Amino acid sequence: MSKRLFFPGDRHVEVLQGTDRAAGRGEVTIRIDAAGVCGSDLHYLYRVPESERGKPRLGVTINPDAVPGHEPAGTVLSIGEGVDTLAPGDRVIVHHISGCGMCDWCLRDLPMHCADKKTYGFDIDGAFASTMVAKARDVVKVPDDVSMPVAAYCACGAGTAYNALRKLQVTSADTVIIFGLGPVGLAAVAFAQDFGARVAAVDISGERRDLAKAAGADLVIDPRDTDVATVVAEWNGSGASVGLDASGNAQARHQLLDAVGVLGRVAFVGEGGGVQIDVSEQIIHKQLTVIGSWVFGISELGGILQYVSDRRVELGRLVTDVFDIDDAADAFALADGAANGKVVITMNGAADSRTNHKASQ
Ligand SMILES: [Zn+2]
Ligand SMILES: [Zn+2]
C-alpha cells in the first residue's frame with residue numbers, strides 16, 4: 001500500500017494512505033527510498049499548534065495538506081512526456097525549491113528568491129511518501145557510491161552547510177568555529193575539516209559533541225561550562241577566523257561573534273529569533289564580515305554530491321538513525337530531542353544500508 005505522512009499539529013504524526021500520481025509533461029515519478037528529517041520540518045510543521053497550521057513561516061508558504069518532507073532521495077519509476085535527461089532506474093534527489101525557471105532570480109540560480117517558487121514538502125507534495133512527482137528540472141542524479149540516506153541529507157541540511165562554508169571561502173588557513181551541532185552544524189564540521197581547516201564545535205548536547213569529534217572536530221566545547229571566546233583564543237592565539245551559527249540561539253550567536261577574531265568572516269544559517277549585539281565592539285572594531293546564507297541553488301546541488309563522492313566525505317556516520325515510515329512518530333520525537341545526528345525515514349523498505357560512505361568502498 002502506498003503511504004504518506006501527515007502532521008495534524010502539536011507534535012502528532014499520522015501515516016495515511018498515499019496517492020501515486022503519474023508524471024505529467026516535464027515531470028518524473030520517483031520511488032522514495034530515503035527522506036531526511038530537517039530542522040524546518042520540526043519548526044514549521046511538527047511543533048506547530050493545530051490552530052496555526054498553514055500559516056507561512058520564515059519566508060516559506062505552507063499548505064497543511066501537502067505531503068511533507070523536503071529531502072527526497074529515490075529511484076525514478078517513470079518519466080513524463082518531454083523528459084530526456086532522466087530515465088527509469090536513475091538514482092536521484094530533488095532540489096526542494098522549485099522556481100519558475102524564468103525570472104531573474106531563477107536565471108541566477110537563486111530560486112529561493114523567486115516570487116513564484118513552490119517548495120516541495122511545504123506547499124507542494126514532498127518526500128515523506130512512497131512515491132513523489134517532481135519537475136525533471138528540479139531533479140539531480142546521485143553518484144553510485146553515495147548512499148540514499150546521505151543523498152537525502154545533501155538535498156537540504158548538508159547542502160546548506162556546504163554552501164555557507166563556500167561563501168565564507170574556507171581553506172586550510174582557517175580556524176572555523178561552528179555553533180549548533182544538529183544535522184546542519186555536523187555537516188559543516190565534516191566539510192570544514194575536509195577543506196583542511198582546524199575546527200571547533202559547540203553544543204550543549206554531549207552526544208552531538210561526540211558526533212562532531214567523529215566528524216573531525218579538533219576541539220569541542222560545552223558552552224555552559226566555559227567562556228567560549230576565551231577557550232578559542234587560548235587554543236589558537238587569536239580567535240577563530242571563520243564562524244558559522246547553525247543553532248538559531250541568541251546566546252550562541254552572541255558567543256559566536258565574540259569567538260571570532262579580527263577580520264573574521266561569519267555566516268548565520270540557523271533560522272528564527274533574534275540577538276542583541278554590541279555593533280562597535282563585536283563587529284566594527286574587529287572589522288568582521290557577517291553574511292546570511294539560505295540554502296543553495298540547483299546547479300550547486302550536483303556539485304555537492306560530486307564533492308561528497310570524490311572526497312569521500314563521511315556524512316554517513318552522521319546519519320545516526322534510520323526509521324521505517326511506519327515508525328515516523330518515533331523518528332520525529334527523536335529529532336525533536338536535539339541529541340541525535342541526522343534522522344532519515346525510509347519508504348518501501350528500499351533504502352540501501354550504505355550509510356557509512358567508506359564502508360561502501
Ligand atoms: Zn523564478
Ligand atoms: Zn531543510
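Contact here means heavy atoms within 4.5 Å, and with that cut-off C38 touches H70, E71, C156 and K342, not counting residues up to four places away in sequence. This is a predicted model, where local features need pLDDT of at least 70 and side-chain atom pairs count only at pLDDT 80 or more, while totals for chains, interfaces and linings use all residues. Residues are numbered from 1 along each chain as its sequence is written, chains are lettered from A and ligands numbered from 1 in the order in which they are written, and side-chain values use heavy atoms, with hydrogens and water left out. Below are notes on two zinc sites, the empty spaces and a few backbone details.

**Zinc ion (ligand 1)**

- Donors are N, O and S atoms within 2.8 Å of the metal (3.2 Å for Na, K and Ca), and water is not among the atoms, so sites may look incomplete.
- For the zinc ion (ligand 1), the protein donors are the SG atoms of C100, C103, C106 and C114, sitting 2.3 to 2.4 Å away.
- Along the chain, these donor residues follow the pattern C-x2-C-x2-C-x7-C.
- C100 is in the loop between strand 6 (97-98) and helix 2 (104-107), and C114 is in the loop between helix 2 and strand 7 (118-119), so this pair ties together parts 14 residues apart in sequence.
- Helices (H or I, at least four residues) and strands (E, at least two) are DSSP runs, numbered from the N terminus.
- The four donor atoms subtend angles of 105 to 115° around the zinc ion (ligand 1), which makes the arrangement tetrahedral.
- Four donors count as tetrahedral if all angles lie between 85 and 135 degrees.
- For reference, the ideal angle for four tetrahedral donors at a metal is 109.5 degrees.
- C114 is buried, at 4% relative accessible area.
- Buried means under 20% relative accessible area, exposed over 50%, and partly exposed in between (1.4 Å probe, protein chains only).

**Zinc ion (ligand 2)**

- C38 (SG), H70 (NE2) and C156 (SG) are the protein donors of the zinc ion (ligand 2), lying 2.0 to 2.2 Å from it.
- Their spacing in sequence is C-x31-H-x85-C.
- H70 is in the loop between helix 1 and strand 4 (72-79), and C156 is in the loop between helix 3 (148-154) and helix 4 (157-167); 86 residues apart, this pair links distant parts of the chain.
- C38 belongs to the loop between strand 3 (27-37) and helix 1 (39-46).
- The donors are buried: C38 has 8% relative accessibility, H70 has 1%, and C156 has 6%.
- C38 and G157 are 119 residues apart along the chain, yet their C-alpha atoms are separated by 6.6 Å.

**Second largest pocket**

- On a 1 Å grid over the protein atoms alone, a pocket is an open set of points with protein on both sides within 12 Å along at least five of seven lines, and lining residues have an atom within 4 Å of a point.
- The second largest pocket holds about 380 Å³ of space, and of its 22 lining residues, R21, I124, D125, G126 and V133 are the closest to its centre.
- Grid points are joined across faces, edges and corners, and a volume is the space filled by probe spheres set on the points.
- Strand 1 (3-9) and strand 8 (131-135) each supply at least two lining residues, with strand 8 giving the most, five residues.
- The lining splits into seven nonpolar, seven polar and eight charged residues.
- In these classes, Ala, Val, Leu, Ile, Met, Phe, Trp, Tyr, Cys and Pro are nonpolar, Asp, Glu, Lys and Arg are charged, and the others, Gly among them, are polar.

**Largest cavity**

- A cavity is a set of grid points where a 1.4 Å probe fits but cannot get out.
- The structure has one cavity of 30 Å³ or more, and the largest cavity contains about 130 Å³ of space.
- Its lining has 18 residues, with F7, L45, R53, I62 and P64 nearest the centre.
- Strand 1 provides the largest share of that lining, four residues.
- By class, the cavity lining has nine nonpolar, four polar and five charged residues.

**Positive phi**

- Most residues other than glycine have a negative phi.
- D10, in the loop between strand 1 and strand 2 (12-17), has a positive phi of about 55° and is partly exposed at 41% relative accessible area.
- L263, in strand 14 (residues 260-268), has a phi near 65° and is exposed at 56%.

How values were computed
Four donors count as tetrahedral if all angles lie between 85 and 135 degrees; four count as square planar and six as octahedral if opposite donors are over 155 degrees apart and all others between 65 and 115; anything else is irregular.
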